[in-house]
Amino acid sequence: MKEILIIGYGDIANRLCNKLNHYDYKVHGVSRNNTYDIENFISWDWLSDDLPTLESKNYECIIFIPKPNSLDEDGYIDGFINSSKNIFNLCRKISFNKFISISSTRVYGEKENKYLKEGESSPNEFRGNLILQYENSQKERYSQKLIVLRLSGLYDSLTIEKPLNHLHRDNAAKIIKFFIENDFNYLSPEVFNCSEDASINISNEKLKKAGFIFD
């Protein structure tokens, strides 16, 4: 059985866990509170310098799902920059085959009527700048083990109006599952836009070329 460590266990992680084959994977979830009452729960505030005690030292995959503490600049610095530093300190003490780092298409900033691919990010506000800084730091830390998934605006069945560039929460979970279950043996960090076909200007071409199929 392969071990999976999810740091930032919330709604997307719970959807992912429900989709994984539990005969093949054992999921360990890290969060401050066990909101979803998961079996293999690890309590940790990722802004704490005190590292958690992990049951296993060997993981097939580590998934980091960051979240800003607040919508101001300090909240994004804590949620993406400071937290990822502490998580790297944790990861230096364990072994893993791949690291999936969740990001956001905010790295593109406001770009009207332009079809945007993975290599064209140039944010024009602090949120996108900080998330791009986080991505670049992750590339240095995890090298060819790293897969960055840039999620577009998330929605679900309760969403009244979808964002212009959008991704259903179930599709977000399915994309993460796809990269857990498939090994591509990349030689460098890889970045994928995760946006549905009906999105206005975010290209998902690379994701579909990798083999992911939207329902």
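A residue is taken here as buried when its relative accessible area is under 20%, as exposed when that area is over 50%, and as partly exposed in between. The structure described is a predicted model, and the values reported below were computed from its atoms.

By the burial criterion, buried residues account for 50% of the 215 residues in the protein. The C-alpha trace spans about 50 × 40 × 35 Å along its principal axes. For a chain of 215 residues, a compact globule would be expected to have a radius of gyration near 17 Å, and the 16 Å found for the protein agrees with that expectation. The accessible surface amounts to about 10,800 Å², and carbon and sulfur atoms contribute 44% of it. When contacts between residues at least 6 apart in sequence are considered, 66% of them join residues that are at least 24 apart.

The secondary structure consists of five helices and nine strands, which follow one another along the sequence in the pattern β-α-β-β-β-α-β-α-β-β-β-α-β-α. Seven strands form an open sheet with parallel pairing, in the order S3-S2-S1-S4-S5-S6-S9. Strand S3 (41-43) and strand S9 (190-194) are the edge strands of this sheet, each of them pairing on one side only. Neighbouring strands in the sheet are turned against each other by 20° on average, with direction ignored.

Within the sheet, S1 pairs with strand S2 (residues 25-31) in the parallel sense over six bridges, and Ile4 has Val27 in S2 as its bridge partner. Of the six residues of S1, five are buried, so this strand is largely enclosed by the rest of the structure. Strand S5 (residues 95-104) and S6 likewise run parallel and are joined by six bridges; here the bridge partner of Phe99 is Leu146 in S6. Helix H2 (residues 73-91) packs on the sheet, where it touches strand S1 (2-7), strand S4 (58-64) and S5, and the direction of H2 makes about 175° with that of S4. Helix H3 also packs on the sheet, in its case touching S4, S5, S6 and S9, and the direction of H3 makes about 170° with that of S5.

Asn86 is located in helix H2 and, with a relative accessibility of 9%, counts as buried. Apart from neighbours within four places in sequence, the residues in contact with Asn86 are Trp44, Trp46, Leu47, Ser48, Asp49 and Leu51.

The structure holds 13 salt bridges, and Asp11, Arg15, Asp156, Arg169 and Asp170 are linked in a network of such interactions. One salt bridge in this network joins the side chains of Asp11 and Arg15, with an N to O distance of 2.9 Å. These two residues are four positions apart in helix H1 (residues 11-19), which means that about one helical turn separates them. Asp11 is partly exposed, at 26% relative accessibility, whereas Arg15 is buried, with a relative accessible area of 19%. Arg15 also forms a salt bridge with Asp170, for which the closest N and O atoms are 2.9 Å apart. Because Asp170 belongs to helix H4 (residues 169-181) and Arg15 to helix H1, this pair ties together parts of the protein that are 155 residues apart in sequence. Asp170 has a relative accessibility of 28% and therefore counts as partly exposed.

A further salt bridge is formed between Arg150 and Glu135, the closest N and O atoms of which are 2.8 Å apart. Arg150 lies in strand S6 (residues 146-151) and Glu135 in helix H3 (residues 126-142), so the pair ties together parts that are 15 residues apart in sequence. Both Arg150 and Glu135 are buried, and each therefore has a relative accessible area under 20%. The two elements that carry this salt bridge are also in contact through packing, since S6 is among the strands of the sheet that H3 touches.

How values were computed. Residues numbered from 1 in each chain as written. Predicted model: local features only at pLDDT ≥ 70, side-chain atom pairs only at ≥ 80, totals over all residues. Heavy atoms only, no water. Salt bridge = Lys/Arg side-chain N within 4 Å of Asp/Glu carboxyl O. Buried < 20%, exposed > 50% of the residue type's maximum accessible area, 1.4 Å probe, protein only. Pairing = 2+ DSSP bridges. Axes fitted to C-alpha atoms, helices over the stretch in contact; angles between N-to-C directions. Contact = heavy atoms within 4.5 Å. Rg over C-alpha atoms; globule rule 2.2 N^0.38 Å. Areas by Shrake-Rupley, 256 points an atom, 1.4 Å probe, with all protein chains shown as cover.
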